[in-house]
Amino acid sequence: MDAFRNKLDGKLAALLFFEPSTRTHESFRVAALNLGMDICGFADPKASSVAKGESLMDTVKMFVGYGVDVIIMRHGKAGAVRYIAERVNIPVINAGDDSNEHPTQALLDTYTIHEAFGKIDGLKVGMIGDLRYGRTVPSLAYALSNFDVEMHFIAPPALMLREHVRMFLEERGADFHEHDVSSLSSILPELDVLYVTRIQKERIPDEMEYEKVRRSYTVTRELLKNAKESLIVMHPLPRVDEIRSEVDGTKHALYFRQASNGMYVRMALLYSILKEG
Amino acid sequence: MKDGELLVRKINEGVVIDHIRVGRGKIILSMLGVDEKYRFVLVSNVESRKLGRKDLIKVEGWFPKKEEMEIIALVSGEVTINIVKNNEVVEKFKVSPPSRVEGFVKCRNPRCITNDEREKEFVKPLLEKVSGSPLIYSCHYCDVRMDESEILRNLTVSGR
């Protein structure tokens with residue numbers, strides 16, 4: 001990492017987080033600081049003029065006017081980042097737009113998989129949890145569709161992939177399979193990667209149904225006894241109780257490594273976009 | 001005499017829109033505001049060799065602009081447009097649903113930036129055709145797909 005320290009000295013990044021974020025905001029912030037960049041912006045829209053009713057474009061124009069070199073933006077509306085990226089003449093990085101996409105998370109996820117196996121082709125990747133409203137799974141699936149990967153989507157029917165994500169994967173000719181959440185234990189022994197996401201309680205209004213779903217995919221040491229030795233368990237974090245803390249000490253647990261990779265991958269991304277020449 | 005034409009007299013100047021899918025003629029007239037401004041004839045549910053049944057519209061004194069023809073094709077599927085001048089058809093061509101639809105069909109995703117109360121003043125909905133048959137569009141901003149029935153439900157030019 002030292003080779004890259006202060007490589008972007010004098011560059012200015014605007015972190016515009018119109019939706020609160022801890023992990024993504026901080027990893028971008030530290031990535032920029034490690035590269036010697038200055039940063040401006042906000043981590044909470046309540047602290048910005050958006051709270052006063054300013055339009056998104058007016059807010060962005062102000063930062064462009066300050067001479068920022070890159071905008072790193074999260075927004076609560078799908079497509080908001082693309083809308084801005086097409087209308088300003090500096091790079092814009094999508095740090096998450098509603099349930100739509102989280103492409104830098106997909107970069108760090110694929111990097112983490114590659115780091116663990118030395119390859120991505122030929123792996124079987126299971127993704128479980130809220131595949132409908134979560135933004136990390138669509139982006140990871142899009143990324144993995146560039147490789148020869150067998151994807152298994154495991155979720156209760158109400159939280160299965162959105163139609164346009166499924167259609168995109170079909171059009172790409174991706175090798176993917178959908179399973180009910182109750183079949184996790186039978187699929188698990190085949191998987192190389194288990195990517196776990198959180199189910200927000202409000203997505204399943206029926207309390208009993210929520211409990212049933214939650215119990216059916218809690219990752220425990222007991223469950224992992226049937227897994228391959230080399231299985232890695234990933235999670236974009238924050239987790240609630242979908243991965244028990246008892247799993248943290250096992251060789252399968254890669255989620256904290258994955259989170260720290262976020263900072264390095266974002267450094268690499270900023271450097272590749274902003275380096276001179 | 002062609003299908004449907006026996007029901008109404010010829011027009012002198014204007015447009016004959018043929019091969020409209022059954023039931024869509026009325027929607028087209030009201031959407032484009034033609035029914036309030038021009039003399040028109042709507043022939044509905046007549047026999048057609050090509051479609052089985054079809055609608056046909058004749059409008060006196062109106063020549064649709066390119067965007068208006070695209071809206072017509074979006075609502076109906078492919079139509080045949082006949083431009084009539086001095087009692088004669090001077091131009092006849094087919095119009096297919098456009099590759100891009102900007103401004104007059106809302107994205108069906110309520111969480112899309114184009115449906116945001118504050119932002120929609122600045123960013124117009126934009127759909128891009130993914131497939132012609134079946135007709136499917138994708139939102140340029142949020143990637144959500146819309147089929148024909150969803151497009152009809154989300155038209156915003158009604159009564160213009």
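A salt bridge is a side-chain nitrogen of Lys or Arg within 4 Å of a carboxyl oxygen of Asp or Glu. In this predicted model, Arg239(A) and Asp248(A) make just such a pair, with N and O sitting 2.7 Å apart. As for how much of each partner shows at the surface, Arg239(A) comes out at 22% relative accessibility, so it counts as partly exposed. Asp248(A) has a value of 27% and is partly exposed too.

That pair has plenty of company: over all chains, the structure holds 32 salt bridges. Another one joins Arg87(A) to Glu86(A), and here the closest N and O atoms are 3.9 Å apart. Arg87(A) is partly exposed, at 37% relative accessibility, and Glu86(A), with a relative accessible area of 43%, is partly exposed as well.

Then there is Lys124(A), which pairs up with Glu150(A); the closest N and O atoms in this salt bridge are 4.0 Å apart. What does this pair tie together? Lys124(A) lies in strand 5 (residues 124-128) of chain A, while Glu150(A) belongs to strand 6 (residues 150-154) of chain A, so the contact links parts that are 26 residues apart in sequence. Lys124(A) itself is partly exposed, because its relative accessibility is 26% and buried would mean under 20%. The story of these two residues also takes in a further partner: Lys124(A), Glu150(A) and Glu190(A) are linked in a network of salt bridges.

Notes. Residues are numbered from 1 along each chain as its sequence is written. Chains are lettered from A and ligands numbered from 1 in the order in which they are written. This is a predicted model: local features need pLDDT of at least 70, side-chain atom pairs count only at pLDDT 80 or more; totals for chains, interfaces and linings use all residues. Side-chain values use heavy atoms; hydrogens and water are left out. Buried means under 20% relative accessible area, exposed over 50%, partly exposed in between (1.4 Å probe, protein chains only). Helices (H or I, at least four residues) and strands (E, at least two) are DSSP runs, numbered from the N terminus.
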